[in-house]
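Please find below a short note for your review. The points concern a sheet, a pocket, a cavity and the cysteines.

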Amino acid sequence: MLLRRLCLLALLIALPAGAAELKIDLGHGVQTLDSRQLAARPDTRGIEIPQDVAYHRAMRYRAVPLKALLAGAAAGDHLQFVASDGFAAEVPAALILDGHVLDGHGAQAWLAVEDPGQPWPALPGKSQSAGPFYVVWTQPEAGGINPEQWPYQLASIRKLDAVAARFPAMAPDPKLAAASPERRGFEVFQRICLACHTLNGQGDARLGPDLNVPYNPTEYLRADLLRAYVRNPQSLRHWPQAKMPGFDAKVLGDADLDALLAYLRHMAGRKHGP
């Protein structure tokens, strides 16, 4: 009993009051960082986000360059960012490690760290902030960064195998040509839908319904209504508590939306049990 109490006391001393933990697993052991450690790093700086995805307005954060926390990761790695509410964003490591350049400016990922003594405001329509950790981007348009790649309330980052290897029931028919709309649509699905939805019962996220079983949305919605729903869910089903965001043409171009619908129609004929 005495030993147990001493261990508990040591844990409380090691983790400052109010500090939050982030776990990073890149395949060579889990690294645990707390918010006080991150805020004290010499590469932490103040950054301005003119149009924050979560807050829908300009925000200022104390943040660490995200690639500085991913030592050992390679450009070909596949990273998953898991939030405390079950949201699971899939992001290619190359997008973070290399960035994409447009007119001399590159998209850069940052890990914003909430100060427990000065918490961020509550998210619109919610009682909690985006903290304790939030991935934000400067110059996101340079890398084609979409809203699903701004995970907030972040709990862990881990390296995983590619989606098709982890979830083979999601993959389109391997006989399809590499340049087929269905294969392109599978890539769009991973970028836009996988953070919230499963398909054929496979996937890590648990925020939205499965998109193939028991029914695929292409089976019960006309193509024009499904397009409208993706662009603005509230235009089809007005529900104040709905969590699904809309994807406008800047985030999801018409060609990519066409490909996504082609993939979903294709997968309606490739159902697997949940």
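1. The model under discussion is predicted. The second largest pocket is a suitable starting point: its lining residues comprise 7 nonpolar, 5 polar and 5 charged ones. The space in this pocket amounts to about 320 Å³. Of its 17 lining residues, those closest to the centre are His78, Pro92, Glu187, Gln190 and Arg191.

2. Which elements supply at least two residues each to the lining of the second largest pocket? They are strand S6, helix H4 (163-166) and helix H5 (181-192). Helix H5 gives the most, with 6 residues.

3. The structure also holds 1 cavity of 30 Å³ or more. The largest cavity has a volume of about 30 Å³. Its lining consists of Ala89, Glu90, Glu148, Gln149, Gln190, Arg191, Leu194 and Ala195. By class, these divide into 3 nonpolar, 2 polar and 3 charged residues.

4. The cavity and the pocket should be read together. S6 and H5 each contribute at least two residues to the lining of the largest cavity, and each also supplies at least two to the lining of the second largest pocket. Gln190 and Arg191 line the cavity, and both are among the residues closest to the pocket centre.

5. Strand S6 belongs to an open sheet of 5 strands, ordered S2-S1-S11-S5-S6 and with mixed pairing. The edges of this sheet are strand S2 (30-34) and strand S6 (88-92), each of which pairs on one side only. Neighbouring strands are turned against each other by 20 degrees on average, with direction ignored.

6. Within the sheet, strand S5 (residues 78-83) and strand S11 (residues 154-160) run antiparallel and are joined by 6 bridges. In one of these pairings, Phe81 has Ile157 of S11 as its bridge partner.

7. The final point concerns the cysteines. How many disulfides does the structure hold? The number is 0. Cys193 is in no disulfide, and the nearest cysteine sulfur, that of Cys196, is 8.9 Å away. Cys196 is likewise in no disulfide, its nearest cysteine sulfur being that of Cys193 at 8.9 Å. The cut-off applied to a pair of cysteine sulfur atoms is 2.5 Å.

8. Are these cysteines buried or exposed? Cys193 is buried, with a relative accessible area of 10%. Cys196 also counts as buried, at 17% relative accessibility, because buried means under 20% relative accessible area.

Technical notes. Residues numbered from 1 in each chain as written. Predicted model: local features only at pLDDT ≥ 70, side-chain atom pairs only at ≥ 80, totals over all residues. Heavy atoms only, no water. Pairing = 2+ DSSP bridges. Helix = DSSP H or I, 4+ residues; strand = E, 2+ residues; numbered from the N terminus. Axes fitted to C-alpha atoms, helices over the stretch in contact; angles between N-to-C directions. 1 Å grid on protein atoms, 1.4 Å probe; cavity = no way out; pocket = protein on both sides within 12 Å on 5 of 7 lines; lining within 4 Å. Points joined across faces, edges and corners; volume = space filled by probe spheres on them. Nonpolar A, V, L, I, M, F, W, Y, C, P; charged D, E, K, R; others polar. Buried < 20%, exposed > 50% of the residue type's maximum accessible area, 1.4 Å probe, protein only.
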